Each structure stands twice: as C-alpha cells, then as structure tokens.
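User: I'm new to reading protein structures and would like a close look at one single part. Could you pick one helix and walk me through it?

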Amino acid sequence: MDFISTRGKIQKCGFIDAFLMGLADDGGLIIPEHIPVVPQDQLKAWEQLSYQELMFEIFSYYTNGEIPDEDLKALIHDSYATFRSPDVTPIHTINESLHVLELFHGPTFAFKDVALQFIGNLYSYVSKKQNKIINILGATSGDTGAAAIQGVRGKEGIQICILHPHNKVSKVQELQMTTVHDDNVLNLSVEGNFDDCQRVIKELFADIEFKNKYHLRAINSINFVRILAQTVYYFYAYFQVAKKQSIDAINFSVPTGNFGNIFSGYLAKQMGLPIGKLILATNENNILERFVKEGIYMPGDFLSTYSPSMDIQIASNFERYLYYLNQKDAGKVTELMNEFQQNGKLVIAEADMPQVRSDFDAHGVKGAECLQIIEKYNKESGYLLDPHTACGVAAYEACSDKNEVCVVFATAHPAKFNEALELIPIEQQFPKEIEQLFNQPQYQTVLDYSKEEIVKQLEAFYKV
Ligand SMILES: N[C@@H](CCOP(=O)(O)O)C(=O)O
C-alpha cells in the first residue's frame, strides 16, 4: 500500500513515512493510493474479534508489514490497557433504532483517546526504532489536545506543543491540558479561536524548511493514521449491533467539527462496511451542514456554543472528501483549494450534489435544542448525553427514519462540559479523575494571536 497526497505532488510513500509527514509536503492531505475493499467473508469472520484484534486486522491492510505483527499487536494492546471498558468502545442501546457508541472510556473521557493513545505509542515506537526526534505540534478546540498530551506525556524523545483558543474550551478541557507539568509538554493558550490556531499550525507544517528543521509531527486529523484508527470503531459498532439484532445497513450520526471522525466513516464505507447514511451533526458553526444542503462551502461567523469542541468553521478533512468527490483528480482539488484560499468559498457543481447527498445527510443544532435533547433523553431513558452527543442525537432524530438502525457517537463524557449541563435541572456526577483536576495548579502561556510569537515559543521549546 502506498500513500499519496490529495494535491498529487509528493512521491508515493509507505505507512511510517506517511505517518511522520502528517500534512503532505505539497500542502495537501495524505490518503491511501487505493482504498482496500474487505471481502464479505472476511467481514463476517471479523464479527467475533475483540476491539484490539479487529484493529490489528484493519491496520494490516495499510501498514505493508513495516511494523512486525508482534510489535503492532503490542502497540495496540498497550494503547487500550488504560481504557475503563474492556470493550474499548461499548454500545449503549436506547431502543432498536437508536444505539449510542460510547467513545469516552479512555483517559481523557473523549473519543480522541481512541486514536491518540495509539498514536502516542506509535510515535514512541518510531522514535526508538529509527532514532528520530519527534516534535509534535497540534491545535485543539479542547479534546484533541488533552488526549494527545496524555498519550505522550513523560515519553522519551518526544516533545508536544498544543495551541488552544484562550477561554474558548471548557474548564475541564483546559484543566486536562494545563495541569500537566511535564518537561516535554507546552500549552500555548492563544487569544483567538480554534480556526486561528489550526491556520498557524498548517502554515508551519507547509513551511518545509521549518517543518524539517524542527522535525514537526502531527497529531490532528490531518494525520492519516488518526483517520484510520477511527475507522475501527465503525466496524466494531456494526458488529456489536449485529450481535443484538438483525441488521442490514446501519446509519451513523457523528458530531463533527474538523470532518475527521465522519471521514473515517466514509473510509469504512468504501472498505465495504454496510453503512447507510453518514449523518453530519453540527452546532451553529454549521459550514458542513450548509455544504450538504446548499452545495456551498463557506465559513460563517465563529460562534461559541454549548459544544465547544465543534466550534470550528474550516474543516481540515473536507479536502480528503473533495478528492473522492472529484474522481481522485488531484489537479482539480488543487484548483478548488486555491479558489477557496483566494475567495473564501467553494461552490460545488450542481452535477455533484446528488453524490454529496447520497454520501451525507446533515443537521445543525441551534442553541436551546442541544439542552432540550439532553433533558429529554435524561428524563425518558435516564441516559445523560454530553452536548456534542446531544447534537448527534438531534441529527439522528432529524435524519434517520425510525425503521432504520442508527448508531450515534457519544464523543465525550458529559462531565467534561459541566458549564452546559448546569443549565439543566439534572444531577451531575464527576468521575474522580475529573474532580481532582480542580485542585491542581495550571501551566500555560497565554499569547496574543501572532505567528511570530508562536514560532518564538516553539523555537525555545523544541529540541533539534
Ligand atoms: N474537535 C477537535 C479539533 C481538532 O480536530 P482534529 O480531529 O483534527 O484533531 C478538538 O477537540 O481539538
């Protein structure tokens, strides 16, 4: 399996090189040259596998034997040893048409742990095997940063710097990042929003001289390994539901900001998993919903919402989808991305819209609807949703027929967003790992939004 760029201007490379490159050196995103299709009898056999065994099988389609089987198995095993559920991502069934896939049983109580605990271990493995310096640079709207820091803290040969938007993440998210006081961790709290943070890191990754000098590595979903690791739970969810009831295709409703989590579903579907609808669940920052409904991809005004992890306007992984929508024409993708850069908007050809609408459906939650859904499900079924998952459930209600089966992703534990939950008359409980954060000192540098200032901080922090 070789890896290429959506812009077509890098040499084909193998799995580890694709992992280390993060953002493609031509400014595009890395994708597999061909998406492998899993034969039906293989899919059937996978039904009985544990999460870890399934992940090994899926990764083996992509790793080209670059990681010996025993090493890959050990990496996978170690990555999920810290999870609070033996199933890694267990299913909670509300009724026959609605299942919630709990993706928050990792150390930082969000779905990001599922990929990032593995990625932390993989960076450590590569650093030791190839004697490589790993300087991670990432941007977060709250969850990625906490999970990535947790995945690499204290690991030899790895430094991590995370940019988060100052005062625009939840208190628990902020504490999860900034109470870590390890020498290899730097938290920069930037006056701006997530899009500002993501823009700077993308510019730095696209500056090849800087990227190579400082050995920059990515943990955001620009890194294809993030996408691949997230496909595993689509397969696992399907098999768990299939054990409970007879199903054909199932729908997935996915809270999404950077288009990474749902793009993993697109990949799983191309690999042959019987997925019906992929439903994009967003909040008021609804660029993706407008794209599906109107065919226009154009950022609107940034809004702070009850679901801050999805307070994103420019979705990195959208470019991966554009590549497939345009029949893998890298020249066309380059043209479209340049157009977006210049005009701040992309208009999808009318002829392509039936395809878009058969690939995705979408619903954007507005204000009170998020809290109403949390209250309603708590009252009716005693299940507590976090605000992002509530967007997913609202999108299920809007887009999935009741005679279809839908899995909604619970992307975070509700305790991470107590500010929103306090607005509803329900009882909240904090897991002890979260409760104890409130008594700890914080370590972060607050910065104006200035690329020069950020670069100065990185140059002082990274070992080269
Ligand atoms: N919602 C994310 C934003 C970064 O997205 P990623 O999937 O590219 O890491 C977060 O919580 O940080």
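Analyst:
**A close look at helix 16**

Let's begin where the helix stops: Gly382 follows helix 16, and its phi is positive, near 70°. This is a predicted model, in which local features need pLDDT of at least 70, side-chain atom pairs count only at pLDDT 80 or more, and totals for chains, interfaces and linings use all residues. Residues are numbered from 1 along each chain as its sequence is written.

Helices here are DSSP runs (H or I, at least four residues), numbered from the N terminus, and strands are runs of E with at least two residues. Helix 16 has 14 residues, 368–381, and at 1.5 Å a residue (times one less than the number of residues) it should span 20 Å; its end C-alpha atoms are 20 Å apart, which agrees.

Now for its two sides. Cys370, Ile373 and Ile374 in helix 16 are buried (20 or more other C-beta atoms within 10 Å of a residue's own, against 12 or fewer for exposed and partly exposed in between, with C-beta atoms placed from the backbone). These three cover an arc of only 100° around the axis, so they sit on the same side of helix 16; the arc is taken from the directions from the helix axis to the C-beta atoms. An α-helix has 3.6 residues a turn, so residues three or four places apart point the same way.

Helix 17 (387–399) is included in what covers the buried residues of helix 16, where contact means C-beta atoms, placed from the backbone, within 7 Å. On the face turned away from the buried side, helix 16 carries the exposed residues Ala368, Lys379 and Glu380.

Conventions:
Two residues are in contact if their C-beta atoms, placed from the backbone, lie within 7 Å.
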